[in-house]
Amino acid sequence: MKRFIASASLALLLVSTAAAETWNFDADPVNAPPPGFSFGRTGSGKPGRWIVQAEKDAPSAGNVLGQLDTDSTDYRFPVAVADAPKFGDVTLSVRCKPVSGRVDQACGLVLRYRDENNYYLTRANALEDNVNLYYVKDGRRRQITGWRGKVTGGAWHQLGVEARGDHFVVSFDGNKVIDAHDSTFSQPGRVGVWTKADSVTYFDDLTAATPH
């Protein structure tokens, strides 16, 4: 009986641990891709170059994850996703800094990620001054809705989304900017970060949790 109780307690602990995760990249080796992540690219052009690097202005002191490849192919979306855990309903956020890009300066969050051609996405763009919510299905990106407002390049921002069933609420720098519904994907999937075209973007403090 004691062995069963111990096993049940361990299982409960593992479930609890998987319900909230934060990746701040501070313990990861610099000048290399972060361990525990996989990488994809929707569209065409070069794959992304995802590298952990030290940055003095990192929101959490130490390292950030940067997408550094500057291929300017317009329909090119590099993605970096955590290998585990998977989330269906999720509260997801990241600190991101659009550093440079002539075609785009974008930072995004992906959720319910099945593969590089199927996932939900919210992203902020410093060249367009907007935040949009999309789904990507079979490699085609389709906008659900969007918000227009200032997105400053070269500065750190906080981008977040809460997904409960078909209900999505997107926040930018602490303000709710999108409230929408979509039922394209309902199954749990991986979470991660995203850029577009020639965007060089830094990410820090990627956090995912099961909503209460």
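Are D71 and R76 buried or exposed? D71 is buried, and R76 is buried as well. The model described here is a predicted one. This briefing covers a sheet and its terminal hairpin, the salt bridges, and the surroundings of two residues, G48 and Q53.

**The seven-stranded sheet**

- Seven strands form an open sheet in the order β2-β5-β14-β7-β8-β9-β10, and their pairing is antiparallel.
- At the edges of this sheet stand β2 and β10, each of which pairs on one side only.
- From one strand to the next, the twist averages 25 degrees.
- In general, the strands of a sheet pair through backbone hydrogen bonds, in either a parallel or an antiparallel manner.

**The β9–β10 hairpin**

- Strand β9 covers residues 130-137 and strand β10 covers residues 140-148; the two run antiparallel and are joined by eight bridges.
- Together, β9 and β10 make a hairpin with two residues between them.
- D138, located in the turn, has a positive phi of about 55 degrees.
- Two cross-strand positions can be named: N132 has G146 in β10 as its bridge partner, and Y135 stands opposite R142 in β10.

**Salt bridges**

- The whole structure contains eleven salt bridges according to the search.
- As a general matter, side chains of opposite charge can pair when their charged atoms come close.
- One of the salt bridges is formed by D71 and R76, whose closest N and O atoms are 3.9 Å apart; both residues are buried.
- Another joins K150 to D129, with 3.7 Å between the closest N and O atoms.
- This pair links distant parts of the chain, 21 residues apart: K150 is in the loop between β10 and β11 (157-164), while D129 is in the loop between β8 (118-125) and β9.
- K150 counts as exposed because its relative accessible area is 56%, whereas D129 is partly exposed because its value is 22%.
- K176 and D179 also form a salt bridge, in which the closest N and O atoms are 3.6 Å apart.
- K176 has a relative accessibility of 59% and therefore counts as exposed; D179, with a relative accessible area of 43%, is partly exposed.
- Salt bridges with shared partners connect D69, D71 and R76 into one network.

**The surroundings of G48**

- G48 is placed in the loop between β2 (37-43) and β3 (50-55).
- Its relative accessibility is 23%, so G48 counts as partly exposed.
- Not counting residues up to four places away in sequence, G48 touches Q67, D69, R76 and P78.
- Two of these residues, D69 and R76, belong to the salt-bridge network named above.
- G48 and Q67 are 19 residues apart along the chain, and their C-alpha atoms are separated by 6.4 Å.

**The surroundings of Q53**

- Q53 lies in strand β3.
- Q53 counts as buried because its relative accessibility is 14%, and buried means under 20%.
- Two polar contacts involve the side chain of Q53: one of 3.1 Å with the side chain of E55, and one of 2.9 Å with the side chain of Y202.
- Leaving aside neighbours within four places in sequence, Q53 is in contact with V30, G62, N63, V64, L68 and Y202.

Technical notes
Residues numbered from 1 in each chain as written. Predicted model: local features only at pLDDT ≥ 70, side-chain atom pairs only at ≥ 80, totals over all residues. Heavy atoms only, no water. Helix = DSSP H or I, 4+ residues; strand = E, 2+ residues; numbered from the N terminus. Buried < 20%, exposed > 50% of the residue type's maximum accessible area, 1.4 Å probe, protein only. Contact = heavy atoms within 4.5 Å. Pairing = 2+ DSSP bridges. Salt bridge = Lys/Arg side-chain N within 4 Å of Asp/Glu carboxyl O. Polar contact = N/O pair within 3.5 Å; in protein donor to acceptor, adjacent residues only side chain to side chain. Axes fitted to C-alpha atoms, helices over the stretch in contact; angles between N-to-C directions.
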